[in-house]
Amino acid sequence: MSAGAGAADGVIYRDPVAQPGTVDAAAVRSHLGRIVGPTHVLTGDLASGYEVDWTGRFGGPSLCVIRPGSADEVSGVLSFLHGSGIGVVVQGGNTGLVGGGVPGPTQPPAVILSTRRLDRIGEVDDLSGQVTAEAGVTLGTLQRHASAAGWHYGVDLAARESATIGGTVATNAGGTHVIAHGMTRAQVTGVAAILPDGTALSHLGGLVKDNTGYDIAGLLCGSEGTLAVITSVRLRLHRPSPPVTVGLVGVPDYRAALALMAQARARAATGSALLAAEVIDETGLRLVMDLTGLPWPLRHHHRLVVLLEVADGGDASGLPFTDDDDAVVGCDAVARARLWEYRERQSEAFSALGVIHKLDVSLPLPVLADGAEGLCELVAQYPGVTEFGVFGHLGDGNLHVEIAGPSPDDRAIDRAVFAYVADRGGSISAEHGVGRAKAADLHLCRPAAQVAAMAAVKHAWDPQWQMNPGVIFAQPPGEQARPQVSD
Ligand SMILES: Cc1cc2nc3c(=O)[nH]c(=O)nc-3n(C[C@H](O)[C@H](O)[C@H](O)COP(=O)(O)OP(=O)(O)OC[C@H]3O[C@@H](n4cnc5c(N)ncnc54)[C@H](O)[C@@H]3O)c2cc1C
């Protein structure tokens, strides 16, 4: 890396690793351009959309955005930046909600490595029911590809047309069908990735049985770009379920919502399978109606509405509704999609209120009924909260708490919610990851010995702590998080 004095664009950055070296920003960009092609090095207005996240709450300046078009180019980029002291922030579809795919306030500013040009997808293998996709393939593209071959991909979420396979693996995304198929980790049978020094790892054979030591693919699931750049993933597919029915029903409280879900699950004995159990509160429904113009879906108003999707042949026999329930049922594709819209537009509808606090927590199912009620009381009474709502994946004990009022930088309400769920055996991040948003709160869910074990893994893979600085582990790592290693 050349000295920064006299850099062409006049920007001189201190290189914190190779003291007293400097980083010549223009020279860095020019060299990166030779690897990925100059048109794939973005700065200024072209870079700005990559520098802020979907929530608008997190982001920071970058040295540049680079868009490699192959795993070899990713390797070239990482090996060039290795040891430079310049952080590398990996970004897929930028739909993450915890600031993990955008830069923090590091000096020098990080390089954003966008995977969106890694968008090739292989043929579905009918024998194994598996497919290999590059990291930048969107979830929606993969779903359609699987479906065209007579298969089904088990992960689904509302951001499907932008979220990438690499991003969903790196966050171990959950979504709406976890109760049926598990989280993303359960779909992954192999991975290819580039280590921070540019070394390529590839384990894409997709063997169902392969107990040859540590599960590298499993480790990269949920690693949030802190260990390596995932370039391809081998994924397990499922045969499509029988035709499904979707039902929406009003309930007075979380206890009733859980009881209904349990009844739908019990119908497995009669051949129907519960695929999704979601909950929406009245505030969220109202905001979606304001956003979309959709009507109130039921006869009466209710504090909570539960959405159930069951694979029952499409005749509603899997829904546990009685004549006394205020419910609506969708058996054909149009009616089902319309009911799902009340749930899928939630995050977007709350975002229409401005840059708000989007928290993603979970509680153990046995304490969820009382825990969710207490959580609502806590938030409702919190100073400065002007509007809040809760929706989420009821079947997984996963609640998304959306809070308007407190300034985006004010973390007091976030901390109060995190402490509340941690005290009850829950998680401060059910499915969105730790990112930058919760790095300082990791200790609430992970005791010091676990944080140290995770930091040791990070240090072994990324000794320079160059990959996604500030994500999962607060930055700078500090002696308490960074293991003492003697070379
Ligand atoms: C409307 C909406 C609904 C959502 N619903 C859900 C939901 O139901 N369930 C759920 O789990 N999430 C949900 N999300 C969050 C988000 O879609 C997921 O976290 C998704 O997995 C992010 O994918 P992405 O490609 O956008 O990743 P990004 O946002 O670009 O990145 C997310 C993290 O992954 C890392 N990363 C990305 N690609 C790679 C790679 N190739 N190699 C290494 N690291 C990488 C990034 O560094 C970052 O830490 C929702 C988001 C929105 C906007």
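This is a short tour of the ligand site and of the place where two domains meet, in a predicted model.

**Stop 1: the ligand and its shell.** Start by selecting the ligand and the residues around it. You should pick up 35 residues, and the closest are Val90, Gly92, Thr95, Gly96 and Thr164. Try colouring this shell by residue class: it divides into 13 nonpolar, 20 polar and 2 charged residues.

**Stop 2: polar atoms at the ligand.** Now show the backbone of Gly93, where an N or O atom lies 2.8 Å from an oxygen atom of the ligand. Move on to Gly100, which also brings a backbone N or O atom, this one 3.2 Å from a ligand oxygen. Then switch on the side chain of Glu431: one of its N or O atoms is 3.0 Å from a nitrogen atom of the ligand. How much of the ligand's accessible area does the protein cover? On its own the ligand has 970 Å², and the protein covers 96% of that.

**Stop 3: the elements behind the shell.** Switch to a cartoon view and highlight strand S5 (88–91), helix H5 (165–170) and strand S10 (229–236), the elements that each give two or more residues to the shell. Linger on H5, since the largest share, 4 residues, comes from this helix.

**Stop 4: the domains.** Zoom out and colour by the domain assignment: domain 1 (12–114), domain 2 (130–236), domain 3 (244–347) and domain 4 (353–443). Keep domain 3 and domain 4 in view; their centres, taken over C-alpha atoms, are 23 Å apart. Their contact takes 20 residues from domain 3 and 21 residues from domain 4.

**Stop 5: the buried area.** Between them, domain 3 and domain 4 bury about 1,700 Å², with 56% of it on carbon and sulfur atoms. Which three residues should you select on the domain 3 side? Pick Tyr254, Leu258 and Val279, which supply 32% of the area that domain 3 buries against domain 4, more than any other three residues.

Terms used. Residues are numbered from 1 along each chain as its sequence is written. This is a predicted model: local features need pLDDT of at least 70, side-chain atom pairs count only at pLDDT 80 or more; totals for chains, interfaces and linings use all residues. Side-chain values use heavy atoms; hydrogens and water are left out. A residue is near a molecule or strand if one of its heavy atoms lies within 4 Å of it. A polar contact is a pair of N or O atoms within 3.5 Å; within protein, one must be able to donate a hydrogen and the other to accept it, and residues adjacent in sequence count only if both atoms are side-chain atoms. Accessible areas come from the Shrake-Rupley method with a 1.4 Å probe; for residues, only the protein chains shown count as cover. Ala, Val, Leu, Ile, Met, Phe, Trp, Tyr, Cys and Pro count as nonpolar, Asp, Glu, Lys and Arg as charged, and the others, Gly among them, as polar. Domain bounds come from an automatic or database domain assignment. Contact means heavy atoms within 4.5 Å. Buried area is the accessible area (1.4 Å probe) that two parts lose on being put together, summed over both.
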